[in-house]
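Colleague: Could you take a close look at the metal site for me? I'd like one connected walk through how it is put together.

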Amino acid sequence: MTQVSEEQLKQIEEYLKTLPEPERQEKEKQIMAQLEQQGPPQCPFCLMSEGKIETTKLYEDEHFIVVLEINPANKGHTILIPKRHIKHIYSLNNEESEKVINLLKKFSASLSVISQGVNILYSEGPASGQKFEHLAINLIPRYTEDSVKIQWQPKKAEKTELEKVKQEIISHLPIEEPKAPKIDTDNIKKELEEKKKRLP
Ligand SMILES: [Zn+2]
C-alpha cells in the first residue's frame, strides 16, 4: 500500500539527495520507519484543525483557524484554513465566505503594520501549485527587497480574444446561493410605535 503521494515521495528523494552519504542513509532509514508507523496519509490541514499537528495559532472559531506558516516565505506568513476539508474557495457557503473576508481584512491590516505590504495568495488545482486538497489562503507580508517572487510575464491580447474569454468565463459562473432574508428590526419597531400612537 502506498502511504504517501508520488509528489511527496519525490520531495523526500530530492531532500535525501542533498545530504552527504552517511547521513543520507541514516535519514532514509528514519523516514521509512516513520512512514510505516503513520498508516494512510492524512490531510495536514485537517490535522492542524484538529490540533493533531502543533501550530502557532493566531485565531480559532467554529469554522476556521488562522496559523503561522511553519516554513514562512517571510516573517509573519499567515495561513487561513477552514476546518472543513474542502478543496475550493467556491465550496464555502455564504456565512463562511463572509467570515473569510472579515478575517482577511483583519489579518492583512495587522500584517501591513509589521511589513511594507501584503500578498494574499490562494492556489487551486495542480497547475497552481496547490499542494493539498484542502483550501488554504496565504497572507504573505512583504518587505522592501525581500526575496519572495510572485510574478508573471504580461502577454498581449486582442480585444476580440478578450471578448471571447469574457463570454467563456461568464457562462460558467455558478448560480448564487440564495441569501437568508434579513429582518429589519428597526423598521418593525418604528411601525409598532407609529401604530401605538394612532391608537385612541
Ligand atoms: Zn483536510
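Modeller: Sure. Keep in mind that this is a predicted model. The site of the zinc ion comes out tetrahedral, with angles of 100 to 119° among its 4 donor atoms. For reference, the ideal angle for four tetrahedral donors is 109.5 degrees. On the protein side, the zinc ion is held by two cysteines through SG, C43 and C46, and by two histidines through ND1, H85 and H134. These donors lie 2.0 to 2.3 Å from the zinc ion. Read along the chain, the donors are spaced C-x2-C-x38-H-x48-H. Take C46 and H85 as a pair: C46 sits in helix α3 (residues 44-49), while H85 is in the loop between β3 (78-82) and α4 (94-114), so the two tie together parts that are 39 residues apart in sequence.

How buried or exposed are those two? C46 has 16% relative accessibility, and because the cut-off for buried is under 20%, C46 counts as buried. H85, on the other hand, is partly exposed at 46% relative accessibility.

As for the wider setting, the domain assignment splits the protein chain into domain 1 (6-38) and domain 2 (44-141). The C-alpha centres of these two domains are 28 Å apart. Over in the loop between α1 (6-17) and α2 (21-38) you'll find L19, which is buried too, with a relative accessible area of 15%. Measuring C-alpha to C-alpha, L19 is 30 Å in space from T78, and the two are 59 residues apart in sequence.

How values were computed
Residues numbered from 1 in each chain as written. Predicted model: local features only at pLDDT ≥ 70, side-chain atom pairs only at ≥ 80, totals over all residues. Heavy atoms only, no water. Donors = N, O, S within 2.8 Å, 3.2 Å for Na, K, Ca; no water. Tetrahedral: all angles 85-135°; square planar, octahedral: opposite > 155°, others 65-115°. Helix = DSSP H or I, 4+ residues; strand = E, 2+ residues; numbered from the N terminus. Buried < 20%, exposed > 50% of the residue type's maximum accessible area, 1.4 Å probe, protein only. Domains from an automatic or database assignment.
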